[in-house]
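Hi everyone, thanks for coming along. Please have a look at what is on the screen, and then we will walk through it together.

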Amino acid sequence: RRFADTLAVVFVTGLAEAREGTLWRATAATGASRHTPNPFDHYTTDDGLPHDLVWDVSDGPGDGLWVATRGGLSRFRNGSFSTVDGPDTLRRKQTSVLYYSDRGVLWTSAENQLYAYDGTTYQVHRRVDGKPVGRTVDIVEDPSGTLWFATINAGLVRYDGTSFRRYTTADGLPSNAVRSLAVDDRGRLWVGEKNTLGRFDGERFTTVRSLDSTQAGSLVAVEIDADGDVWMGTLNG
């Protein structure tokens, strides 16, 4: 079903299904809303959101839903939003992505830093290989529990639960501007960059497809379906 009346002119930046089955959408400039399944409930700064530009939504430790916005991290519980009581930069600064790992840790990014929340305490990761982590725009987890972080200007970052490592063009990455990540059923990491779709088998990067951005548009999203087909979302479709 297309919700033409309510969504025709809305830029939807993210979707997530909550535990109870409701569908949440994150939008640019118009806040967050949920579909229960009808109609949409619409939330803005008037309802307690830190900012109307919502980048991502996710489950996390405990109950409720976590919301990443340009104005900081928020949590939706019992019908209302509350500002997350975390490190100072997390409270007030733009948080661009959320990921709830299989180990029960909620990861988010703000000001080129990573934050990991286990339900009790935060760990702040500021640097990898002596440099700022970089602005993280996507996070995935492979079958071994290793986390991968796509940064928009600082390459690909890996966290194995103990230590971080950064991969750049010096390691065979086609570009340090990584936009999107996906993991297939064989545990291989797919890396989407502006004009390139690549794959990492644990040892080397392989270019699978080069895109003509003048026709296809820049690559912004990669997903793998149940049949193993890889779907690429670009600025032109």
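Let me begin with one term: a residue counts as buried when its relative accessible area is under 20%, as exposed when that area is over 50%, and as partly exposed in between. Take Asp118 as a trial case: its relative accessibility is 42%, so Asp118 counts as partly exposed. Please also keep in mind that this is a predicted model.

Now, the whole chain. How many helices and strands are there in the protein chain? There are two helices, and the strands number 24. The radius of gyration is 18 Å, close to the 18 Å that the globule rule gives for 237 residues, so the protein chain is as compact as a globular protein of that length. If you follow the C-alpha trace along its principal axes, it spans about 45 × 40 × 30 Å.

What about inside and outside? Of the 237 residues, 45% count as buried. The accessible surface of the chain is about 12,000 Å², and carbon and sulfur atoms hold 44% of that. For contacts between residues at least 6 apart in sequence, 35% join residues that are at least 24 apart. As for charge, the chain carries 26 positive and 31 negative side chains, with the centres of the two sets 6 Å apart.

Let's go back to Asp118, our trial case. Where is Asp118 placed? You will find Asp118 in the loop between β11 and β12. Its side chain reaches two backbone nitrogens: that of Thr120 at 2.8 Å, and that of Thr121 at 2.9 Å. Leaving aside neighbours within four places in sequence, Asp118 is in contact with Pro61, Gly104 and Val105. For a sense of distance, Asn176 is 58 residues from Asp118 in sequence, and their C-alpha atoms are 29 Å apart.

Thr120 belongs to that story too, as it is placed in the loop between β11 and β12. Is Thr120 buried or exposed? Its relative accessible area is 66%, and that is over the 50% cut-off, so Thr120 is exposed. Pro61 turns up again here: Thr120 and Pro61 are 59 residues apart along the chain, with 8.8 Å between their C-alpha atoms.

Next, two residues with something to say about backbone angles. Glu111 has a phi near 50°, a positive value in a residue other than glycine. Glu111 is in the loop between β10, residues 106-110, and β11, residues 113-117, and with a relative accessible area of 44% it is partly exposed. Asp129 is not a glycine either, yet its phi is positive at about 55°. Asp129 lies in the loop between β13 (127-128) and β14 (131-132), and its relative accessible area of 55% makes it exposed.

Right beside that loop, let's look at Val128, in strand β13. Val128 has just 2% relative accessibility, so it counts as buried. Which residues does Val128 touch, not counting those up to four places away in sequence? They are Val133, Val157, Phe164, Arg165 and Arg166. Gln215, on the other hand, is 87 residues from Val128 in sequence and 36 Å away in space, C-alpha to C-alpha.

Two serines come next. Ser96 sits in strand β9, residues 95-100, and at 12% relative accessibility it counts as buried. Its side chain reaches the backbone oxygen of Thr136 at 2.7 Å. Beyond its neighbours within four places in sequence, Ser96 has contacts that include Trp55, Asp56 and Arg135. Ser101 is in the loop between β9 and β10. Do not let the word loop mislead you about Ser101, though: at 7% relative accessibility, it counts as buried. Its contacts, again leaving aside neighbours within four places, are Trp107, Glu141 and Leu147.

One last stop: Asp212, in the loop between β22 (205-210) and β23 (219-224). Its relative accessible area is 38%, so Asp212 is partly exposed. How far apart are Asp212 and Lys194? In sequence they are 18 residues apart, and in space 9.7 Å from C-alpha to C-alpha.

That is my tour, and I am happy to go back to any residue on the screen.

Methods: Residues are numbered from 1 along each chain as its sequence is written. This is a predicted model: local features need pLDDT of at least 70, side-chain atom pairs count only at pLDDT 80 or more; totals for chains, interfaces and linings use all residues. Side-chain values use heavy atoms; hydrogens and water are left out. Helices (H or I, at least four residues) and strands (E, at least two) are DSSP runs, numbered from the N terminus. The radius of gyration is taken over C-alpha atoms; the globule rule is 2.2 Å times the number of residues to the power 0.38. Buried means under 20% relative accessible area, exposed over 50%, partly exposed in between (1.4 Å probe, protein chains only). Contact means heavy atoms within 4.5 Å. Accessible areas come from the Shrake-Rupley method with a 1.4 Å probe; for residues, only the protein chains shown count as cover. Lys and Arg count as positive and Asp and Glu as negative; His and the chain ends are not counted. The place of a charge is taken as NZ of Lys, CZ of Arg, CG of Asp or CD of Glu. A polar contact is a pair of N or O atoms within 3.5 Å; within protein, one must be able to donate a hydrogen and the other to accept it, and residues adjacent in sequence count only if both atoms are side-chain atoms.
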